[in-house]
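Work through the exercises below with the sequence and the 3D structure open. Try each task before reading its solution.

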Amino acid sequence: GVSQLNGHLKPRYVRVNTLKMDVDSAVQELEKHYTVQKDETVPDLLVLPPGSDLHAHRLVANGRIFLQGKASSMVAAALQPEAGWEVLDACSAPGNKTIHLAALMEGQGKIIACELNEERVKRLEDTIKLSGASNIEVCHGDFLGLNPKDSSFAKVRAILLDPSCSGSGTITDRLDHLLPSHAADNMNYDTMRLHKLAGFQKKALAHALSCFKLATPFPQWQRRGLPVFSGSEHLLRMDPVEDKEGFFIALFVKTDKLDNQKS
Ligand code: SAM
């Protein structure tokens, strides 16, 4: 089937939840059944052979590892939050990146996890519970409605913004492009949806940007932003073909903290 086909295209990535288990113990445990390598870009990410099915694995069920792709795992890693920081996750459900932030912050400091959709807030809460993180404050609401100058955000050092998107970069993971309904008569719908999403992303980015400036995640990574504006060299792209999945990262740092930054 298609999942088998996809299994051959891409390795299975597994992120170790370092709040519950250290990376070496996870490697030891998984090596009983799989060939395991550490990812070269993200320290808490492991690479298993394509097609490895871990959905029913004990370590998944008890929240010691999470099935999270490489591109998705690069986002919180790019942010490099420090233990004790306060971080705002603007569009957080189902919470994969929220709990990655919590792990990188070693369970210290605070993460404010904002999510608009009520059903998805429940999924976010389930993920947080499974992760064992205790420094995440869930905020059910519209990120665009948050006032960055509000005193409750005064200590926020960083915003992780992962807005709703078309998902076209991860299309090989999903089956919807094979459904007959996803054909020519849906073109208008798709175009409208893309415009709506792009509009929301632009607003969300402008809102997040009101106190931040672009920085350069993974400076050694070659594929940067297309030269459509000055500063695009800070942006990081992953190519759907050459890097096996399409993704995009922009890293912003708070402007008044810029002078004190190490990098
Ligand atoms: N970061 C998540 C993760 O790694 O698990 C995935 C986030 S998903 C791409 C985008 C999320 O943003 C959705 O859950 C959606 O409901 C939420 N969302 C959309 N518009 C929003 C808004 N205006 N304010 C807050 N959340 C919003």
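The exercises use a predicted model and go from the whole chain to one residue, then to the ligand.

**Exercise 1. Overall make-up**

Task: State how many helices and strands the protein has, and what share of its residues count as buried.

Solution: Start with the elements: there are seven helices and twelve strands. Next take burial: 25% of the 263 residues count as buried. Then turn to contacts between residues at least 6 apart in sequence: 72% of them join residues at least 24 apart.

**Exercise 2. Two domains**

Task: Give the bounds of the domains, and describe the side of domain 1 that touches domain 2.

Solution: The domain assignment gives domain 1 as 2-69 and domain 2 as 71-260. Across the boundary, 18 residues of domain 1 are in contact with 22 residues of domain 2. On the domain 1 side, helix 1 (2-9) and strand 1 (12-16) are the elements that give two or more residues. Helix 1 has the largest share, three residues. By class, this side holds seven nonpolar, seven polar and four charged residues.

**Exercise 3. The largest nonpolar core**

Task: Find which residues of the largest nonpolar core touch the most other members, and explain where the core lies relative to the domains.

Solution: The core has 47 residues, and those that touch the most other members are Ala90, Leu101, Ala102, Ile159 and Leu160. Helix 4 (residues 70-79) gives the most to this core, six residues. Both domain 1 and domain 2 give residues to this core, so the core lies between them.

**Exercise 4. Ala102**

Task: Decide whether Ala102 is buried or exposed, and list its contacts beyond four places in sequence.

Solution: First locate the residue: Ala102 is in helix 5. A residue is buried if 20 or more other C-beta atoms lie within 10 Å of its own. Ala102 has 30 C-beta neighbours inside 10 Å, so Ala102 counts as buried. Leaving aside residues up to four places away in sequence, Ala102 touches Leu19, Gly107, Ile111, Ser131, Ala133, Asn135 and Ile136. As a check on distance, Ile128 is 26 residues from Ala102 in sequence, with 9.4 Å between their C-alpha atoms.

**Exercise 5. Around the ligand**

Task: Name the residues that come nearest to the ligand, and sort the shell by class.

Solution: The shell around the ligand has 20 residues, of which Cys91, Asn96, Leu116, Phe143 and Asp162 come nearest. Helix 5 (96-104) and strand 6 (110-115) each supply at least two residues of this shell. Sorted by class, the shell has nine nonpolar, six polar and five charged residues.

Key. Residues numbered from 1 in each chain as written. Predicted model: local features only at pLDDT ≥ 70, side-chain atom pairs only at ≥ 80, totals over all residues. Near = placed C-beta within 6 Å. Helix = DSSP H or I, 4+ residues; strand = E, 2+ residues; numbered from the N terminus. Nonpolar A, V, L, I, M, F, W, Y, C, P; charged D, E, K, R; others polar. Buried ≥ 20, exposed ≤ 12 C-beta atoms within 10 Å, placed from the backbone. Contact = placed C-beta atoms within 7 Å. Domains from an automatic or database assignment. Core = buried A, V, L, I, M, F, W, Y, C linked by C-beta atoms within 7 Å.
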